[in-house]
Structures are given as C-alpha cells and as structure tokens.
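Colleague: I am new to this model. Please take me closely through one part, the shell around the ligand, and then show me how the rest of the chain is laid out.

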Amino acid sequence: MSAHILSGKEVAGRLQQEMKLQVEELKRKGIIPGLAVIIAGNNPASRLYVKKKSEASQKLGIYSRVIELPDDTSKEQLISVVDMLNEDDAIDGILVQLPLPQHIDEREIIQCISPDKDVDGFHPLNIGRLSTGQDTFIPCTPLGILKLLQEYHITMEGKHVVIVGRSNIVGKPAGQLLLNEHATVTYCHSKTRQLAHYTKQADILISAVGQSRLIKANMVKENAVVIDVGNSFDESGKLSGDVDFERVKEIASFITPVPNGVGPMTISMLLYNTLKAAKKRAHAKGDSS
Ligand SMILES: Nc1nc2c(c(=O)[nH]1)N[C@@H](CN(C=O)c1ccc(C(=O)N[C@@H](CCC(=O)O)C(=O)O)cc1)CN2
C-alpha cells in the first residue's frame, strides 16, 4: 500500500488561519507584530524564500520589512543593520537569510541578533536553551517537522529517529528537539560509512542534505515515516527532494512530498515564532501599564 502523504501545505494553511486570528487579537491590544528579514547578495533560492516569508507575513497582517543588501556588504555594515533592528520597537523578529556571502562568518552575525528577537532560533543562547529543554525560539524547519508529525498523530517517544545531515539550520536542532520528545536519535552525515545501514533502522527518517534522490527505497525500513527536507534540482533541472519519492512511498507509512511538505511548514513556523515574540511584547506592555 502506498504511504499517506504528510501535506505540509495543508497543515501550514490551517495553522496560518489560526495565527491570523491571533494577529488580530494582538492588534486589538495595540501590538502590530513585526518581522525584519535581511538578505545579502543575489542567491536566487534565498530571494525566493525571502519573498515567501514576506508574502506569508503580510497575508497574516504581520508588518514585514525586507532589507536587501549587496553581495559585497561588509560584516560591519551587516552588524550595524542588525543593531538598528535590535533597537527598533516595531520589530519583534529579526532573521538573516542564510547562506550569507562567503566573506562573512554567519556565526559572527547571528550572535549580534538580540536573543529575544531571534525568530530563527540560531543564537547560541537559544541553541543552549533548546539543548537543555528550556522554552525558546525553535529553528523553523525542525519545529515545522515536529508540528507536522503531531498533526498526523505520529508519536516520537521511544522511536528511532535517524537524521541525515548535521547542519545548524536543520539536522542538529532537529535531533535536539526530537530527543526532547524522547526519541532515540542517530545523526548521519557526509562522512558516515554505510549510510543505508543506519537509514534502514529508522522508524522516522529525516533527510536534510540537499542531494537529489539520495534516499532510495532499499535504504528505508518497511512502514517508516520519511521526512524530506531537501530542496535541490535534479539532472533535468526539476525541483527535487533528498528522497526518491515515487519508490519510497511504496515502502513508507507516511512521507512528505517536495514541494509542499516541509517547506511550507518552515515558513509557517517563522510566523509562529514572530507571533511568540510579539506576544511577549504584549505581555511586557500589559505588565508595565
Ligand atoms: N535564516 C534562515 N535561512 C535559511 C533557512 C532558515 O530557516 N532560516 N532555511 C533554508 C531555506 N528556507 C527558509 O529560509 C526555505 C526553504 C524551502 C522553502 C519552501 O517552501 N520550499 C518549497 C519548494 C520551493 C518552491 O516553492 O519552489 C517546498 O518545499 O514546498 C521555504 C523556506 C535555508 N536558509
């Protein structure tokens, strides 16, 4: 039997309808949630993602500011934009679209974002909070995966989750998050020997490497849940995930498609984190008045 499709598009749409009501409620209290996205350079994929973020924010009634900087922006210029946004009361969430141009060390920029406005959850303080199980901004893609699993009533406790990819954006925080949900987590990466040996053991397999159709049917256990975070292009230039979807769907119990699986959830969770930041502002305003 063919796997059930985990439709990120559908779930994200539902969550956004709920969040729209929450934005309206905040506005009634005099708070307009605000999100600033900084993009440096001309990476076409990054530009598309930023456009999606800005459009989705506006659709919900979130104030959206996109700051476009040239490819040769210096580290100092970028930091001064972040500093300015840290001080701006109209902005609840700040996001620096990654990757940055090669001459800039992402880590140096991310640690300048106020942890209270770090809606990507990439600041070292927020990473520490996640790893110690404290309330924090959880990186958008891992949080999107968690919400998607929850929406389809897929439990994580005691399951063996195998993550292929160890990026700071997806792989590492996804492992921390699912560990907090009491899963047993195995990380695989580009230096892992006999990848299939591990992937075949997964109850829940998450692939986040950006390599078109890396995960073949013979690498997946019968009835596994398969989450595809990949967004790359195949040899014919078609958008493709990390998973050989057509074959793997015959083996898996649940599977995310690409597009319309994890991608829309990433965008929704950015809105969720921005609302979380704005709610804190509303709370602080209420407390002081
Ligand atoms: N600062 C950040 N940078 C990056 C992040 C991030 O979370 N924060 N993640 C990725 C890119 N990303 C968001 O920024 C992202 C990737 C893919 C999608 C998406 O919706 N993909 C679609 C397919 C693309 C299309 O529509 O053509 C899908 O899978 O349905 C959204 C966001 C790296 N950088």
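Modeller: Start with the domains, whose bounds come from an automatic or database domain assignment. This is a predicted model: local features need pLDDT of at least 70, side-chain atom pairs count only at pLDDT 80 or more, and totals for chains, interfaces and linings use all residues. Residues are numbered from 1 along each chain as its sequence is written.

The chain divides into domain 1 (30-115) and domain 2 (140-263). Their centres, taken over C-alpha atoms, are 28 Å apart. Both domains give residues to the shell around the ligand, so the ligand lies between them.

Now the shell itself. It holds 20 residues, each with its C-beta atom, placed from the backbone, within 6 Å of the ligand. The closest are Tyr-49, Leu-98, Pro-259, Gly-263 and Thr-266. Four elements give two or more residues each: helix H2 (44-60), strand E4 (93-96), helix H6 (140-151) and helix H10 (262-288). Helices (H or I, at least four residues) and strands (E, at least two) are DSSP runs, numbered from the N terminus. H10 gives the largest share, four residues.

What classes of residue make up the shell around the ligand? There are 11 nonpolar, seven polar and two charged residues. Here Ala, Val, Leu, Ile, Met, Phe, Trp, Tyr, Cys and Pro count as nonpolar, Asp, Glu, Lys and Arg as charged, and the others, Gly among them, as polar.

Step back to the whole chain. It has 10 helices and 11 strands. Its C-alpha atoms fill a box of roughly 60 × 40 × 35 Å along the principal axes. Of its 289 residues, 43% are buried. Buried means 20 or more other C-beta atoms within 10 Å of a residue's own; exposed means 12 or fewer; partly exposed is in between, with C-beta atoms placed from the backbone.

Helix H1 (residues 8-28) shows both kinds of residue. Its buried residues are Gly-8, Val-11, Ala-12, Met-19, Val-23 and Leu-26. They cover an arc of only 110 degrees around the axis, which puts them on the same side of H1; the arc is that of the directions from the helix axis to the C-beta atoms. The face turned away carries exposed residues, among them Arg-14, Glu-18 and Arg-28. Just after H1, Gly-30 takes a positive phi of about 85 degrees.

One last stop is Arg-107, in helix H4 (residues 106-110). Arg-107 is exposed, with 10 other C-beta atoms within 10 Å. Pro-124 is 17 residues from Arg-107 in sequence and 8.9 Å from it in space, C-alpha to C-alpha.

Technical notes
The expected span of a helix is 1.5 Å times one less than its number of residues.
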